[in-house]
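Hi,

Here is the structure I promised to pass on to you. Have a look at it first, and then read on for my notes.

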Amino acid sequence: MSVAARAASLFVAFFVVIGLGIFVALYYIGGTSALPTVHYAASGGQVNVVLQEDAQNDSASKPDWVSYFVQDPATSKWVHTTLFSVPANTRVNVTLYGYDGCTPLRNNYFSQVLGTIGNTVTVSQFDQHGKEYVSGQTTSVINGWSDCNVGHTFAIPGMNLYVPVASPNADLSANNLCSDSPCTTSGNPYAKETFSFMSPKHAGVFRWQCLVPCGGGFLDGNSGPMATLGYMMGEMDVVSS
(Lines give C-alpha, C1' and ligand atoms only; values in the text may rest on other atoms or scores of the structure.)
Protein backbone atom coordinates (compact mmCIF):
# COMPACT_ATOMS: atom_id res chain seq x y z
CA MET A 1 0.00 0.00 0.00
CA SER A 2 1.37 3.40 -0.95
CA VAL A 3 2.04 6.16 1.54
CA ALA A 4 -0.88 8.14 0.14
CA ALA A 5 -3.25 5.17 0.50
CA ARG A 6 -2.13 4.55 4.08
CA ALA A 7 -2.60 8.21 4.91
CA ALA A 8 -6.08 8.15 3.40
CA SER A 9 -6.97 5.03 5.41
CA LEU A 10 -5.75 6.63 8.63
CA PHE A 11 -7.67 9.80 7.79
CA VAL A 12 -10.90 7.84 7.30
CA ALA A 13 -10.34 5.77 10.47
CA PHE A 14 -9.72 8.94 12.46
CA PHE A 15 -13.01 10.46 11.38
CA VAL A 16 -14.87 7.21 12.04
CA VAL A 17 -13.60 7.27 15.63
CA ILE A 18 -14.50 10.95 15.96
CA GLY A 19 -17.96 10.24 14.55
CA LEU A 20 -18.53 7.40 17.00
CA GLY A 21 -17.46 9.64 19.86
CA ILE A 22 -19.90 12.35 18.80
CA PHE A 23 -22.68 9.77 18.45
CA VAL A 24 -22.06 8.39 21.94
CA ALA A 25 -21.95 11.90 23.42
CA LEU A 26 -25.18 12.92 21.73
CA TYR A 27 -26.92 9.64 22.50
CA TYR A 28 -26.09 9.52 26.20
CA ILE A 29 -25.38 13.09 27.23
CA GLY A 30 -27.98 14.56 24.90
CA GLY A 31 -30.50 11.97 26.00
CA THR A 32 -29.89 12.82 29.61
CA SER A 33 -30.23 16.55 29.10
CA ALA A 34 -33.50 16.01 27.23
CA LEU A 35 -35.10 14.58 30.36
CA PRO A 36 -36.80 17.12 32.60
CA THR A 37 -35.47 17.59 36.13
CA VAL A 38 -37.99 17.98 38.94
CA HIS A 39 -36.77 20.49 41.51
CA TYR A 40 -37.64 20.19 45.18
CA ALA A 41 -37.24 23.19 47.48
CA ALA A 42 -36.74 22.85 51.22
CA SER A 43 -38.97 24.23 53.92
CA GLY A 44 -37.81 24.20 57.52
CA GLY A 45 -34.73 22.16 56.61
CA GLN A 46 -36.79 19.40 54.96
CA VAL A 47 -37.89 18.51 51.46
CA ASN A 48 -40.61 16.06 50.35
CA VAL A 49 -39.87 13.87 47.33
CA VAL A 50 -42.69 11.77 45.85
CA LEU A 51 -42.04 8.86 43.45
CA GLN A 52 -43.94 5.95 41.97
CA GLU A 53 -42.83 2.85 40.07
CA ASP A 54 -45.05 1.14 37.50
CA ALA A 55 -44.96 -2.02 35.42
CA GLN A 56 -45.23 0.13 32.29
CA ASN A 57 -44.98 3.77 31.27
CA ASP A 58 -46.55 6.40 29.03
CA SER A 59 -43.76 6.67 26.45
CA ALA A 60 -44.50 5.84 22.82
CA SER A 61 -41.19 4.09 22.15
CA LYS A 62 -40.84 1.77 25.14
CA PRO A 63 -44.27 1.52 26.79
CA ASP A 64 -43.62 -1.98 28.17
CA TRP A 65 -40.54 -0.93 30.16
CA VAL A 66 -40.94 -0.80 33.92
CA SER A 67 -40.40 2.77 35.05
CA TYR A 68 -40.26 5.33 37.81
CA PHE A 69 -42.17 8.62 37.76
CA VAL A 70 -41.45 11.76 39.80
CA GLN A 71 -44.19 14.05 41.10
CA ASP A 72 -43.74 17.75 40.36
CA PRO A 73 -44.33 19.61 43.66
CA ALA A 74 -45.56 22.70 41.82
CA THR A 75 -48.33 20.98 39.85
CA SER A 76 -48.72 17.60 41.64
CA LYS A 77 -48.49 16.01 38.18
CA TRP A 78 -46.45 12.87 37.54
CA VAL A 79 -43.47 13.45 35.27
CA HIS A 80 -41.86 10.61 33.32
CA THR A 81 -38.31 11.28 34.43
CA THR A 82 -35.82 9.99 36.98
CA LEU A 83 -33.95 13.26 37.45
CA PHE A 84 -34.66 15.38 40.50
CA SER A 85 -32.80 17.88 42.62
CA VAL A 86 -32.70 18.51 46.36
CA PRO A 87 -30.80 21.02 48.51
CA ALA A 88 -27.60 19.94 50.26
CA ASN A 89 -27.57 19.07 53.96
CA THR A 90 -31.35 18.68 54.07
CA ARG A 91 -33.66 16.01 55.43
CA VAL A 92 -35.21 14.32 52.39
CA ASN A 93 -38.61 12.73 53.13
CA VAL A 94 -39.51 10.24 50.40
CA THR A 95 -42.97 8.86 49.68
CA LEU A 96 -42.78 6.01 47.17
CA TYR A 97 -45.84 4.34 45.64
CA GLY A 98 -45.24 0.80 44.37
CA TYR A 99 -47.70 -0.27 41.68
CA ASP A 100 -45.62 -3.01 40.08
CA GLY A 101 -45.95 -6.64 41.12
CA CYS A 102 -43.61 -8.48 43.44
CA THR A 103 -40.33 -9.98 42.25
CA PRO A 104 -38.18 -12.40 44.28
CA LEU A 105 -34.91 -10.67 45.14
CA ARG A 106 -31.80 -12.29 43.66
CA ASN A 107 -30.00 -11.60 46.91
CA ASN A 108 -31.99 -11.25 50.12
CA TYR A 109 -29.34 -8.83 51.38
CA PHE A 110 -31.38 -6.18 49.58
CA SER A 111 -34.33 -6.90 51.86
CA GLN A 112 -32.49 -4.83 54.46
CA VAL A 113 -33.03 -1.11 54.79
CA LEU A 114 -29.73 0.76 54.96
CA GLY A 115 -28.86 4.45 55.06
CA THR A 116 -32.27 5.89 55.94
CA ILE A 117 -32.80 7.75 59.20
CA GLY A 118 -33.16 4.97 61.75
CA ASN A 119 -32.41 2.40 59.03
CA THR A 120 -36.17 1.85 58.70
CA VAL A 121 -39.06 2.44 56.32
CA THR A 122 -42.79 2.63 57.01
CA VAL A 123 -45.00 0.53 54.74
CA SER A 124 -48.74 0.39 54.05
CA GLN A 125 -50.32 -1.92 51.46
CA PHE A 126 -53.72 -1.54 49.78
CA ASP A 127 -55.86 -3.87 47.67
CA GLN A 128 -57.72 -2.87 44.50
CA HIS A 129 -60.68 -1.69 46.56
CA GLY A 130 -58.57 0.72 48.56
CA LYS A 131 -58.64 -1.49 51.66
CA GLU A 132 -55.49 -1.16 53.73
CA TYR A 133 -54.36 -4.68 54.66
CA VAL A 134 -50.96 -3.60 56.04
CA SER A 135 -51.15 -0.35 57.96
CA GLY A 136 -48.13 1.84 58.70
CA GLN A 137 -45.68 -0.91 59.58
CA THR A 138 -42.24 0.45 60.44
CA THR A 139 -39.51 -2.07 59.71
CA SER A 140 -35.82 -2.46 58.97
CA VAL A 141 -36.39 -5.47 56.68
CA ILE A 142 -38.90 -6.21 53.92
CA ASN A 143 -38.14 -9.88 53.43
CA GLY A 144 -38.62 -10.65 49.76
CA TRP A 145 -37.93 -14.36 50.26
CA SER A 146 -40.32 -15.17 53.07
CA ASP A 147 -43.17 -13.37 51.32
CA CYS A 148 -43.47 -11.93 47.82
CA ASN A 149 -43.95 -8.26 48.66
CA VAL A 150 -40.91 -6.48 47.17
CA GLY A 151 -41.09 -5.13 43.64
CA HIS A 152 -37.88 -3.14 43.18
CA THR A 153 -35.27 -1.22 45.14
CA PHE A 154 -34.34 2.43 45.43
CA ALA A 155 -30.59 2.62 45.94
CA ILE A 156 -28.04 5.43 45.96
CA PRO A 157 -24.74 3.49 46.22
CA GLY A 158 -22.71 6.70 46.57
CA MET A 159 -24.55 7.39 49.84
CA ASN A 160 -24.77 3.75 51.02
CA LEU A 161 -28.57 4.05 50.76
CA TYR A 162 -30.48 0.84 49.95
CA VAL A 163 -34.25 0.63 50.22
CA PRO A 164 -36.40 -2.35 49.18
CA VAL A 165 -39.56 -1.02 47.52
CA ALA A 166 -42.71 -2.74 48.75
CA SER A 167 -45.29 -4.06 46.29
CA PRO A 168 -48.76 -5.60 46.44
CA ASN A 169 -48.65 -9.19 47.74
CA ALA A 170 -48.31 -12.22 45.47
CA ASP A 171 -52.04 -12.69 44.90
CA LEU A 172 -52.65 -9.02 44.10
CA SER A 173 -49.49 -8.92 41.98
CA ALA A 174 -50.95 -11.68 39.81
CA ASN A 175 -54.25 -9.84 39.42
CA ASN A 176 -55.63 -6.31 39.19
CA LEU A 177 -52.33 -4.48 38.66
CA CYS A 178 -52.45 -1.03 37.10
CA SER A 179 -52.24 -1.20 33.30
CA ASP A 180 -51.94 2.53 32.51
CA SER A 181 -49.31 4.99 33.61
CA PRO A 182 -48.85 7.00 35.63
CA CYS A 183 -50.96 4.88 37.95
CA THR A 184 -53.51 6.20 40.42
CA THR A 185 -54.75 4.76 43.68
CA SER A 186 -58.25 4.19 42.31
CA GLY A 187 -58.97 0.54 41.49
CA ASN A 188 -55.35 -0.61 41.68
CA PRO A 189 -53.49 -2.45 44.43
CA TYR A 190 -50.36 -0.67 45.57
CA ALA A 191 -47.89 -0.19 48.40
CA LYS A 192 -47.06 3.14 50.01
CA GLU A 193 -43.63 3.45 51.54
CA THR A 194 -42.08 6.37 53.39
CA PHE A 195 -38.54 6.94 54.59
CA SER A 196 -36.11 9.78 55.18
CA PHE A 197 -32.42 10.42 54.73
CA MET A 198 -30.04 13.37 54.92
CA SER A 199 -28.74 14.72 51.64
CA PRO A 200 -24.95 15.17 51.44
CA LYS A 201 -23.46 18.37 52.81
CA HIS A 202 -21.76 19.08 49.48
CA ALA A 203 -23.19 19.57 46.02
CA GLY A 204 -22.92 16.79 43.47
CA VAL A 205 -24.80 14.36 41.25
CA PHE A 206 -25.65 11.00 42.81
CA ARG A 207 -26.73 8.08 40.64
CA TRP A 208 -29.67 6.02 41.90
CA GLN A 209 -31.30 2.93 40.48
CA CYS A 210 -33.17 -0.30 41.05
CA LEU A 211 -30.89 -3.22 41.93
CA VAL A 212 -33.46 -5.93 41.13
CA PRO A 213 -32.81 -7.25 37.57
CA CYS A 214 -36.01 -5.89 36.05
CA GLY A 215 -35.05 -5.59 32.39
CA GLY A 216 -37.41 -8.23 31.03
CA GLY A 217 -36.17 -9.70 27.74
CA PHE A 218 -32.56 -8.61 28.33
CA LEU A 219 -29.58 -10.74 29.35
CA ASP A 220 -29.74 -11.33 33.13
CA GLY A 221 -32.36 -8.58 33.34
CA ASN A 222 -29.64 -5.96 33.85
CA SER A 223 -30.11 -4.01 30.63
CA GLY A 224 -32.99 -2.09 29.06
CA PRO A 225 -34.95 -0.08 31.64
CA MET A 226 -32.58 -0.99 34.47
CA ALA A 227 -29.67 0.66 32.69
CA THR A 228 -31.48 3.65 31.18
CA LEU A 229 -32.03 7.09 32.65
CA GLY A 230 -35.72 7.91 32.73
CA TYR A 231 -36.79 4.38 33.62
CA MET A 232 -35.20 2.43 36.50
CA MET A 233 -32.06 4.51 36.82
CA GLY A 234 -31.82 8.16 37.70
CA GLU A 235 -29.79 10.99 39.18
CA MET A 236 -30.30 13.05 42.32
CA ASP A 237 -28.70 16.44 41.87
CA VAL A 238 -27.68 17.85 45.23
CA VAL A 239 -27.43 21.65 45.00
CA SER A 240 -25.88 24.12 47.39
CA SER A 241 -28.56 25.71 49.55
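**Cysteines, core and charges**

Both Cys178 and Cys183 are buried. Please keep in mind that this is a predicted model. The two residues are bonded to each other: Cys178 and Cys183 form a disulfide with their sulfur atoms 2.0 Å apart. The torsion about that S-S bond is -95°, and the link is left-handed.

How many disulfides does the structure hold? There are two. The other one joins Cys102 to Cys148, again with an S to S distance of 2.0 Å. Here the torsion about the S-S bond is about 105°, so the disulfide of Cys102 and Cys148 is right-handed. Cys102 sits in the loop between strand S6 (91–98) and strand S7 (121–126), while Cys148 sits in the loop between strand S8 (132–139) and strand S9 (150–156), so the bond ties together parts that are 46 residues apart in sequence. Cys102 is buried, at a relative accessible area of 16%. If you number the bonded cysteines in sequence order, the pairing reads 1-2, 3-4. One more cysteine to look at is Cys210, which counts as buried because its relative accessibility is 0%.

Cys183 also leads to a residue that caught my eye, Asp54. A polar atom of the Asp54 side chain lies 3.3 Å from the backbone nitrogen of Cys183. Asp54 belongs to strand S2 (residues 46–54). Which side chain of opposite charge is nearest to Asp54? That is Lys192, 15 Å away; Asp54 is buried yet has no salt bridge. Setting aside neighbours within four places in sequence, the contacts of Asp54 are Val66, Ser67, Phe69, Tyr99, Asp100, Ser181, Pro182 and Cys183.

As for charged pairs, side chains of opposite charge can pair when their charged atoms come close. The structure holds one salt bridge. Its partners are Glu235 and Arg207, with the closest N and O atoms 3.2 Å apart. This pair links distant parts of the chain, with Glu235 in strand S13 (residues 233–239) and Arg207 in strand S12 (residues 204–209), 28 residues apart. Arg207 has a relative accessible area of 38%, so this residue is partly exposed.

Arg207 is also one of the residues in contact with Ile156. Leaving out neighbours within four places in sequence, the others are Leu161, Phe197, Phe206, Trp208 and Met236. Ile156 is a good way into the largest nonpolar core, which has 39 residues. Those that touch the most other members are Leu51, Phe84, Val86, Phe154, Ile156, Phe197 and Met236. Strand S10 (residues 161–166) gives this core its largest share, four residues. Another core, of seven residues, lies apart from it, and includes Val50, Tyr97, Phe126 and Tyr190.

Last, a look at Gln128, in the loop between S7 and S8. The C-alpha atoms of Gln128 and Asn176 are 6.7 Å apart, although the two residues are separated by 48 residues along the chain. Not counting residues up to four places away in sequence, Gln128 touches Asn176 as well as Leu172, Gly187, Asn188 and Pro189.

If you open the model with one place in mind, I would start at Asp54, which is buried and without a salt bridge, and go from there to Cys183, which is among its contacts.

Happy viewing, and best wishes

Terms used
Residues numbered from 1 in each chain as written. Predicted model: local features only at pLDDT ≥ 70, side-chain atom pairs only at ≥ 80, totals over all residues. Heavy atoms only, no water. Core = buried A, V, L, I, M, F, W, Y, C linked by side-chain atoms within 4.5 Å. Buried < 20%, exposed > 50% of the residue type's maximum accessible area, 1.4 Å probe, protein only. Helix = DSSP H or I, 4+ residues; strand = E, 2+ residues; numbered from the N terminus. Contact = heavy atoms within 4.5 Å. Disulfide = S-S within 2.5 Å. Lys, Arg positive; Asp, Glu negative; His and termini not counted. Salt bridge = Lys/Arg side-chain N within 4 Å of Asp/Glu carboxyl O. Polar contact = N/O pair within 3.5 Å; in protein donor to acceptor, adjacent residues only side chain to side chain.
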